[in-house]
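Let's take a walk through a protein model together. Have a look at the fold before reading on.

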Amino acid sequence: CQLSFSEQAMRALSLLESVVEASHDRLQGILEQAGESVRLRLVWIVPPGWCAFDLSALKAWLQTRFSLLADPNTVEISVIPVANEVDALRSLDEIILHGNRQSGHRALTLLLGSVSSVDELTVEEWANTKRLFSAQHQQRQIPGEGAVALLLASSPLVAGLELADSILISRLSAASRDKPVDAGGRVTGKLIDQLITGLLDVTGIAPSSIKSVMLTTDHRANYLAEALEGLGQSFEHLDPIKDCPAIGATVGELSPISGFVALACARARVLATGESALCISNQHPRDRGVLVAMPMSPQPVIETSSN
(Lines give C-alpha, C1' and ligand atoms only; values in the text may rest on other atoms or scores of the structure.)
Protein backbone atom coordinates (compact mmCIF):
# COMPACT_ATOMS: atom_id res chain seq x y z
CA CYS A 1 0.00 0.00 0.00
CA GLN A 2 1.59 3.28 -1.16
CA LEU A 3 0.62 6.50 0.58
CA SER A 4 1.44 10.06 -0.42
CA PHE A 5 1.44 12.38 2.58
CA SER A 6 3.10 15.53 3.83
CA GLU A 7 6.33 15.27 5.78
CA GLN A 8 4.31 15.97 8.94
CA ALA A 9 2.03 12.98 8.32
CA MET A 10 4.87 10.69 7.25
CA ARG A 11 6.74 11.42 10.48
CA ALA A 12 3.59 10.64 12.46
CA LEU A 13 3.15 7.34 10.59
CA SER A 14 6.75 6.36 11.31
CA LEU A 15 6.21 7.05 15.01
CA LEU A 16 3.00 5.04 14.99
CA GLU A 17 4.77 2.11 13.35
CA SER A 18 7.35 2.08 16.13
CA VAL A 19 4.78 1.87 18.95
CA VAL A 20 2.78 -0.84 17.17
CA GLU A 21 6.00 -2.83 16.72
CA ALA A 22 6.71 -2.43 20.45
CA SER A 23 3.20 -3.68 21.29
CA HIS A 24 2.95 -6.43 18.69
CA ASP A 25 4.68 -9.38 20.38
CA ARG A 26 2.99 -8.91 23.74
CA LEU A 27 -0.41 -8.43 22.14
CA GLN A 28 0.06 -11.54 20.02
CA GLY A 29 0.99 -13.53 23.13
CA ILE A 30 -2.14 -12.35 24.94
CA LEU A 31 -4.38 -13.28 22.03
CA GLU A 32 -2.77 -16.71 21.68
CA GLN A 33 -3.32 -17.29 25.41
CA ALA A 34 -6.94 -16.12 25.22
CA GLY A 35 -7.89 -18.16 22.16
CA GLU A 36 -10.76 -17.40 19.81
CA SER A 37 -13.05 -16.21 22.60
CA VAL A 38 -11.33 -12.80 22.69
CA ARG A 39 -11.63 -10.36 19.80
CA LEU A 40 -9.18 -7.55 19.01
CA ARG A 41 -10.32 -4.05 18.15
CA LEU A 42 -7.92 -1.33 17.02
CA VAL A 43 -8.94 2.32 17.35
CA TRP A 44 -6.58 4.77 15.66
CA ILE A 45 -7.05 8.43 16.63
CA VAL A 46 -5.76 10.87 13.99
CA PRO A 47 -5.53 14.69 13.80
CA PRO A 48 -8.46 16.61 12.27
CA GLY A 49 -6.49 17.51 9.14
CA TRP A 50 -6.29 13.84 8.23
CA CYS A 51 -9.96 13.91 7.19
CA ALA A 52 -8.60 14.84 3.76
CA PHE A 53 -6.81 11.48 3.51
CA ASP A 54 -8.29 8.18 2.38
CA LEU A 55 -8.96 6.54 5.75
CA SER A 56 -9.42 3.11 4.14
CA ALA A 57 -5.91 3.44 2.71
CA LEU A 58 -4.62 4.15 6.21
CA LYS A 59 -6.22 0.92 7.44
CA ALA A 60 -4.68 -1.01 4.57
CA TRP A 61 -1.26 0.52 5.28
CA LEU A 62 -1.44 -0.65 8.89
CA GLN A 63 -2.59 -4.14 7.93
CA THR A 64 0.24 -4.66 5.44
CA ARG A 65 2.84 -3.94 8.10
CA PHE A 66 1.59 -6.13 10.92
CA SER A 67 0.46 -9.73 10.40
CA LEU A 68 -1.62 -9.62 13.56
CA LEU A 69 -3.89 -7.01 11.94
CA ALA A 70 -4.11 -8.55 8.49
CA ASP A 71 -7.32 -10.60 8.87
CA PRO A 72 -10.42 -8.34 8.88
CA ASN A 73 -12.45 -11.29 10.22
CA THR A 74 -10.52 -11.29 13.49
CA VAL A 75 -9.54 -7.62 13.89
CA GLU A 76 -11.81 -4.58 13.69
CA ILE A 77 -9.93 -1.39 12.74
CA SER A 78 -11.39 2.11 13.14
CA VAL A 79 -9.61 5.31 12.08
CA ILE A 80 -11.17 8.29 13.86
CA PRO A 81 -10.26 11.95 13.16
CA VAL A 82 -10.85 14.13 16.24
CA ALA A 83 -10.77 17.89 16.73
CA ASN A 84 -8.66 18.09 19.90
CA GLU A 85 -7.36 16.18 22.92
CA VAL A 86 -10.65 16.24 24.85
CA ASP A 87 -12.46 14.80 21.83
CA ALA A 88 -9.81 12.06 21.78
CA LEU A 89 -10.51 11.35 25.46
CA ARG A 90 -14.21 11.13 24.62
CA SER A 91 -13.32 8.31 22.21
CA LEU A 92 -11.55 6.58 25.09
CA ASP A 93 -14.59 7.17 27.28
CA GLU A 94 -16.85 5.51 24.69
CA ILE A 95 -14.64 2.42 24.81
CA ILE A 96 -14.89 2.38 28.61
CA LEU A 97 -18.66 2.88 28.52
CA HIS A 98 -19.12 0.05 26.02
CA GLY A 99 -16.99 -2.28 28.12
CA ASN A 100 -18.93 -1.45 31.28
CA ARG A 101 -22.31 -2.02 29.62
CA GLN A 102 -21.46 -5.39 28.09
CA SER A 103 -21.44 -8.09 30.75
CA GLY A 104 -18.88 -10.73 29.87
CA HIS A 105 -17.29 -8.31 27.38
CA ARG A 106 -14.34 -10.20 25.88
CA ALA A 107 -12.60 -7.72 23.63
CA LEU A 108 -9.17 -6.14 23.74
CA THR A 109 -8.94 -2.62 22.34
CA LEU A 110 -5.61 -1.25 21.16
CA LEU A 111 -5.96 2.54 21.22
CA LEU A 112 -3.35 4.26 19.03
CA GLY A 113 -2.34 7.80 18.19
CA SER A 114 0.60 9.69 16.77
CA VAL A 115 1.30 13.28 15.79
CA SER A 116 4.21 15.40 14.57
CA SER A 117 4.59 19.15 14.18
CA VAL A 118 8.38 19.55 13.96
CA ASP A 119 8.79 19.62 10.17
CA GLU A 120 9.95 22.82 8.51
CA LEU A 121 6.62 23.74 6.87
CA THR A 122 4.65 23.32 10.12
CA VAL A 123 7.13 25.32 12.16
CA GLU A 124 7.03 28.09 9.56
CA GLU A 125 3.23 28.08 9.66
CA TRP A 126 3.27 28.35 13.46
CA ALA A 127 5.66 31.30 13.23
CA ASN A 128 3.47 33.07 10.67
CA THR A 129 0.35 32.61 12.80
CA LYS A 130 2.12 33.83 15.97
CA ARG A 131 1.84 30.45 17.63
CA LEU A 132 5.53 29.45 17.80
CA PHE A 133 7.55 29.65 21.02
CA SER A 134 10.74 31.73 20.86
CA ALA A 135 13.03 33.65 23.18
CA GLN A 136 10.99 36.76 22.42
CA HIS A 137 7.59 35.04 22.70
CA GLN A 138 7.77 32.57 25.55
CA GLN A 139 4.01 32.25 26.10
CA ARG A 140 3.54 30.50 22.77
CA GLN A 141 3.62 26.78 22.02
CA ILE A 142 6.49 24.38 21.41
CA PRO A 143 6.17 21.94 18.47
CA GLY A 144 6.37 18.28 19.42
CA GLU A 145 5.98 14.78 18.08
CA GLY A 146 5.13 11.46 19.66
CA ALA A 147 3.07 8.30 19.55
CA VAL A 148 1.21 6.23 22.13
CA ALA A 149 -0.49 2.85 22.40
CA LEU A 150 -2.90 1.89 25.19
CA LEU A 151 -4.28 -1.62 25.58
CA LEU A 152 -7.76 -1.59 27.11
CA ALA A 153 -9.89 -4.40 28.52
CA SER A 154 -12.66 -4.92 31.05
CA SER A 155 -11.58 -5.77 34.59
CA PRO A 156 -13.01 -9.33 34.42
CA LEU A 157 -11.03 -9.97 31.24
CA VAL A 158 -7.85 -8.58 32.80
CA ALA A 159 -8.35 -10.88 35.77
CA GLY A 160 -9.19 -13.89 33.61
CA LEU A 161 -6.10 -13.47 31.44
CA GLU A 162 -3.96 -12.56 34.47
CA LEU A 163 -2.61 -9.47 32.71
CA ALA A 164 0.14 -7.90 34.77
CA ASP A 165 0.95 -4.19 35.11
CA SER A 166 -2.65 -3.06 34.67
CA ILE A 167 -4.47 -0.10 36.18
CA LEU A 168 -8.09 1.06 36.40
CA ILE A 169 -9.34 4.08 34.46
CA SER A 170 -12.39 6.11 35.42
CA ARG A 171 -14.98 7.61 33.10
CA LEU A 172 -14.19 11.04 31.67
CA SER A 173 -15.49 14.24 33.24
CA ALA A 174 -15.43 17.01 30.60
CA ALA A 175 -16.81 20.48 29.87
CA SER A 176 -15.83 23.75 28.19
CA ARG A 177 -14.79 27.09 29.66
CA ASP A 178 -17.00 30.11 29.03
CA LYS A 179 -14.07 31.85 27.35
CA PRO A 180 -10.54 30.90 26.30
CA VAL A 181 -7.81 31.01 28.92
CA ASP A 182 -6.01 33.82 27.08
CA ALA A 183 -9.12 35.94 26.54
CA GLY A 184 -7.99 38.42 29.19
CA GLY A 185 -8.96 39.08 32.77
CA ARG A 186 -8.39 36.87 35.77
CA VAL A 187 -7.70 33.20 35.04
CA THR A 188 -9.85 30.96 37.21
CA GLY A 189 -9.64 27.22 37.80
CA LYS A 190 -13.32 26.91 38.76
CA LEU A 191 -14.25 24.56 35.91
CA ILE A 192 -11.36 22.17 36.60
CA ASP A 193 -12.28 22.20 40.30
CA GLN A 194 -15.88 21.28 39.44
CA LEU A 195 -14.82 18.48 37.11
CA ILE A 196 -12.47 16.97 39.69
CA THR A 197 -15.01 17.24 42.52
CA GLY A 198 -17.73 15.58 40.47
CA LEU A 199 -15.45 12.78 39.31
CA LEU A 200 -14.13 11.97 42.78
CA ASP A 201 -17.68 12.03 44.18
CA VAL A 202 -18.78 9.45 41.60
CA THR A 203 -15.76 7.19 42.08
CA GLY A 204 -15.72 7.51 45.86
CA ILE A 205 -12.05 8.47 45.90
CA ALA A 206 -10.85 10.90 48.56
CA PRO A 207 -8.63 13.77 47.36
CA SER A 208 -6.02 12.71 49.94
CA SER A 209 -5.58 9.39 48.09
CA ILE A 210 -4.49 11.21 44.92
CA LYS A 211 -0.72 11.38 45.02
CA SER A 212 0.06 12.85 41.58
CA VAL A 213 -1.54 14.86 38.79
CA MET A 214 -0.57 14.70 35.12
CA LEU A 215 -1.32 17.90 33.19
CA THR A 216 -1.38 17.89 29.40
CA THR A 217 -0.50 21.57 29.25
CA ASP A 218 2.95 23.04 28.73
CA HIS A 219 4.94 25.91 30.25
CA ARG A 220 2.40 28.70 29.56
CA ALA A 221 1.62 30.63 32.72
CA ASN A 222 -2.15 31.03 32.32
CA TYR A 223 -2.70 27.31 31.71
CA LEU A 224 -0.56 26.31 34.68
CA ALA A 225 -2.26 28.86 36.92
CA GLU A 226 -5.70 27.58 35.88
CA ALA A 227 -4.78 23.96 36.67
CA LEU A 228 -3.16 24.68 40.02
CA GLU A 229 -6.07 26.85 41.14
CA GLY A 230 -8.45 24.11 40.03
CA LEU A 231 -6.70 21.65 42.32
CA GLY A 232 -7.26 24.06 45.21
CA GLN A 233 -7.10 23.35 48.92
CA SER A 234 -8.15 19.71 48.57
CA PHE A 235 -4.77 18.91 47.04
CA GLU A 236 -2.47 20.98 49.23
CA HIS A 237 -0.58 17.77 50.04
CA LEU A 238 0.81 17.75 46.47
CA ASP A 239 4.03 19.49 45.44
CA PRO A 240 3.16 21.61 42.35
CA ILE A 241 6.48 20.82 40.67
CA LYS A 242 7.25 17.24 41.71
CA ASP A 243 3.71 15.86 41.87
CA CYS A 244 1.98 17.86 39.10
CA PRO A 245 4.17 17.68 35.97
CA ALA A 246 3.08 19.56 32.86
CA ILE A 247 3.65 16.92 30.16
CA GLY A 248 3.60 19.43 27.32
CA ALA A 249 6.58 21.28 28.77
CA THR A 250 8.64 18.14 28.10
CA VAL A 251 7.19 16.71 24.88
CA GLY A 252 5.77 19.82 23.20
CA GLU A 253 2.31 20.17 21.66
CA LEU A 254 0.83 16.73 20.93
CA SER A 255 -2.86 17.41 20.36
CA PRO A 256 -4.99 15.39 19.88
CA ILE A 257 -3.12 12.56 21.65
CA SER A 258 -1.67 14.50 24.60
CA GLY A 259 -4.37 13.15 26.95
CA PHE A 260 -3.33 9.60 26.07
CA VAL A 261 0.32 10.46 26.73
CA ALA A 262 -0.62 11.91 30.13
CA LEU A 263 -2.58 8.74 30.87
CA ALA A 264 0.42 6.58 29.95
CA CYS A 265 2.52 8.65 32.35
CA ALA A 266 -0.15 8.28 35.03
CA ARG A 267 -0.12 4.51 34.54
CA ALA A 268 3.63 4.44 35.13
CA ARG A 269 3.21 6.54 38.28
CA VAL A 270 0.36 4.36 39.60
CA LEU A 271 2.33 1.16 39.03
CA ALA A 272 5.43 2.65 40.68
CA THR A 273 3.66 4.04 43.77
CA GLY A 274 0.48 2.00 44.17
CA GLU A 275 -1.41 5.31 44.52
CA SER A 276 -4.07 6.96 42.34
CA ALA A 277 -3.28 9.77 39.90
CA LEU A 278 -5.38 12.42 38.17
CA CYS A 279 -5.07 13.27 34.49
CA ILE A 280 -6.14 16.79 33.54
CA SER A 281 -6.53 17.74 29.89
CA ASN A 282 -6.06 21.50 29.76
CA GLN A 283 -3.97 22.35 26.70
CA HIS A 284 -6.93 23.41 24.54
CA PRO A 285 -8.01 27.08 24.88
CA ARG A 286 -11.48 26.09 26.21
CA ASP A 287 -12.12 22.34 26.44
CA ARG A 288 -11.25 20.58 29.69
CA GLY A 289 -11.30 16.92 30.73
CA VAL A 290 -10.41 14.98 33.86
CA LEU A 291 -10.07 11.27 34.60
CA VAL A 292 -8.43 9.26 37.34
CA ALA A 293 -6.03 6.32 37.09
CA MET A 294 -6.13 3.85 39.99
CA PRO A 295 -4.40 0.68 41.18
CA MET A 296 -6.17 -2.55 40.29
CA SER A 297 -6.49 -3.55 43.94
CA PRO A 298 -8.46 -2.70 45.97
CA GLN A 299 -11.05 -2.22 43.25
CA PRO A 300 -13.44 0.74 43.38
CA VAL A 301 -16.59 0.85 41.24
CA ILE A 302 -14.82 1.54 37.93
CA GLU A 303 -14.65 -1.48 35.66
CA THR A 304 -12.28 -0.74 32.79
CA SER A 305 -8.51 -1.09 32.81
CA SER A 306 -5.48 -0.16 30.77
CA ASN A 307 -2.47 -2.36 30.27
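Not counting residues up to four places away in sequence, which residues does R220 touch? This is a predicted model, by the way, and in it R220 touches Q139, R140, Q141 and Q283 once those sequence neighbours are set aside. You'll find R220 in the loop between β7 (210–215) and α7 (221–231). Is R220 buried or exposed? With a relative accessibility of 6%, R220 counts as buried, because the cut-off for that word is under 20%.

Next, some empty space. Rolling a probe the size of a water molecule over the atoms shows where such space is left. The largest pocket holds about 380 Å³ of space. Its lining is made of 22 residues, and Q8, P47, V115, R131 and S255 lie nearest the centre. Three elements each give two or more residues to that lining: α1 (7–34), β3 (107–116) and α4 (120–128). Here is how the lining splits up by class:

| Class in the lining of the largest pocket | Count |
|---|---|
| Nonpolar | 10 residues |
| Polar | 9 residues |
| Charged | 3 residues |

Now try a bit of arithmetic on helix α9 (residues 258–273). This helix has 16 residues, so at 1.5 Å a residue it should span 22 Å, and its end C-alpha atoms are indeed 22 Å apart. Which residues in α9 are buried? They are S258, G259, F260, V261, A262, L263, A266 and V270. As a helpful rule, an α-helix has 3.6 residues a turn, so residues three or four places apart point the same way. Just after α9 comes G274, which takes a positive phi of about 75 degrees.

Key:
Residues are numbered from 1 along each chain as its sequence is written. This is a predicted model: local features need pLDDT of at least 70, side-chain atom pairs count only at pLDDT 80 or more; totals for chains, interfaces and linings use all residues. Side-chain values use heavy atoms; hydrogens and water are left out. On a 1 Å grid over the protein atoms alone, a cavity is a set of points where a 1.4 Å probe fits but cannot get out, and a pocket is an open set with protein on both sides within 12 Å along at least five of seven lines; lining residues have an atom within 4 Å of a point. Grid points are joined across faces, edges and corners, and a volume is the space filled by probe spheres set on the points. Helices (H or I, at least four residues) and strands (E, at least two) are DSSP runs, numbered from the N terminus. Ala, Val, Leu, Ile, Met, Phe, Trp, Tyr, Cys and Pro count as nonpolar, Asp, Glu, Lys and Arg as charged, and the others, Gly among them, as polar. The expected span of a helix is 1.5 Å times one less than its number of residues. Buried means under 20% relative accessible area, exposed over 50%, partly exposed in between (1.4 Å probe, protein chains only). Contact means heavy atoms within 4.5 Å.
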